[in-house]
Amino acid sequence: MAPIPWGKFPTLAEQQLARRWLQFMANIGRAPNTIDAYGRAVDDHLRSCAVEGTDPLLAGADTVAAWIGDMLDRPRQRSAKTPLHPETGLANATVQQRLVAVRSFYEYLVEDGLRERNPVRRGQSSRRGRRPRQGLVRRLEQAPWIPNEDVWQRILAACAEESLRNRLMVTLAYDGALRREELVQLD
């Protein structure tokens with residue numbers, strides 16, 4: 001059996017079915033980082049169920065929706081990396097990742113015959129001309145950052161003070177629309 005640091009997931013560790021599920025995931029070869037992320041996600045969901053007074057075996061879509069609402073309203077720790085983001089709510093990618101883990105947990109319970117249905121709805125792509133069915137949380141794609149005129153002028157001023165090699169690299173990247181990886185691999 002693959003070792004799991006149960007101390008990281010105290011609420012999950014108290015529930016036999018959740019322990020069995022996470023051990024199952026580890027035993028089928030999920031990466032340690034995946035086990036850690038799944039464990040934290042399901043632990044968070046089980047804490048939410050406990051606060052709401054809901055047994056996970058009886059949790060419905062409303063319980064999952066309340067948990068999602070909680071994740072979207074939590075205070076966010078600000079970092080220098082994300083100064084323009086709102087001050088509340090987990091990042092969209094984090095919410096998506098946690099939903100995948102909790103959906104997997106409930107699928108495990110359905111397969112074992114302990115639940116009839118999975119309360120975590122899955123989105124579906126469009127088929128045969130039908131509209132796609134959206135999942136519980138819309139996936140957000142962040143638009144690329146485009147510098148305004150002032151920022152662009154500061155970039156050009158900074159480049160003017162660089163060596164010929166660096167100015168050439170900036171020119172190639174800009175004029176050739178090269179990505180950083182493509183630029184550094186040029187001979």
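**A buried arginine and its helical surroundings**

Arg98 counts as buried, at 16% relative accessibility; buried means under 20% relative accessible area, exposed means over 50%, and partly exposed is anything in between (1.4 Å probe, protein chains only). The model is a predicted one, where local features need pLDDT of at least 70 and side-chain atom pairs count only at pLDDT 80 or more, while totals for chains, interfaces and linings use all residues. Residues are numbered from 1 along each chain as its sequence is written, and side-chain values use heavy atoms, with hydrogens and water left out.

Here is the overall picture. The secondary structure comes to 8 helices and 0 strands, and reading along the sequence gives the pattern α-α-α-α-α-α-α-α. Helices (H or I, at least four residues) and strands (E, at least two) are DSSP runs, numbered from the N terminus. Of the 187 residues in the protein, 29% are buried. The protein exposes about 13,300 Å², and carbon and sulfur atoms supply 52% of that area; the areas come from the Shrake-Rupley method with a 1.4 Å probe, and for residues only the protein chains shown count as cover. Take the contacts (heavy atoms within 4.5 Å) between residues at least 6 apart in sequence: 46% of them join residues at least 24 apart.

Now for the charged pairs. A search of the whole structure finds 9 salt bridges, each being a side-chain nitrogen of Lys or Arg within 4 Å of a carboxyl oxygen of Asp or Glu. One of them brings Arg98 back into the story: Asp44 forms a salt bridge with Arg98, and their closest N and O atoms are 3.3 Å apart. Asp44 sits in helix H3 and Arg98 in helix H5, so this pair ties together parts that are 54 residues apart in sequence. Asp44 counts as buried too, at 5% relative accessibility. The pair also belongs to a network of salt bridges that links Asp43, Asp44, Arg47, Asp70, Arg74 and Arg98.

Asp43, another member of that network, is found in helix H3 (residues 32-52) and forms a salt bridge with Arg47, with the closest N and O atoms 2.3 Å apart. Because Asp43 and Arg47 are 4 residues apart in helix H3, about one helical turn separates them. An α-helix has 3.6 residues a turn, so residues three or four places apart point the same way. The two partners do not share a burial class: Asp43 is buried, with a relative accessible area of 3%, whereas Arg47 is partly exposed, at 39%. The side chain of Asp43 also reaches the backbone nitrogen of Thr11, at 2.8 Å. Leaving aside residues up to four places away in sequence, Asp43 touches Phe9, Pro10, Thr11 and Leu12.

Helix H3 has a further link of this kind. The side chains of Lys8 and Asp36 meet in a salt bridge, at 3.0 Å from N to O. Lys8 lies in the segment before helix H1 (10-14) and Asp36 lies in helix H3, so the pair ties together parts that are 28 residues apart in sequence. Asp36 is buried, with a relative accessible area of 18%.

Thr63, in helix H4 (residues 61-73), offers a smaller side story. Thr63 counts as buried, at 3% relative accessibility. The side chain of Thr63 makes a polar contact with the side chain of Glu52, at 3.4 Å. A polar contact is a pair of N or O atoms within 3.5 Å; within protein, one must be able to donate a hydrogen and the other to accept it, and residues adjacent in sequence count only if both atoms are side-chain atoms. Thr63 touches Cys49, Glu52 and Thr54, not counting residues up to four places away in sequence.

Helix H5 (residues 92-111) passes a simple length check: at 1.5 Å a residue, its 20 residues should span 28 Å, and the end C-alpha atoms are indeed 28 Å apart. The expected span is 1.5 Å times one less than the number of residues. Just after H5, Gly113 takes a positive phi of about 80°.

Last come some leucines. Leu156 lies in helix H6 (residues 149-160) and is partly exposed, with a relative accessible area of 38%. The C-alpha atoms of Leu156 and Val170 are separated by 9.2 Å, the two residues being 14 residues apart along the chain. Leu168 lies in helix H7 (residues 164-175). Together, Leu168, Leu172 and Leu186 make a nonpolar surface patch of about 270 Å². Patches are made of residues with over 30% relative accessible area and no salt bridge, with like charges joined within 9 Å and nonpolar side chains (Val, Leu, Ile, Met, Phe, Trp, Tyr) within 5 Å.
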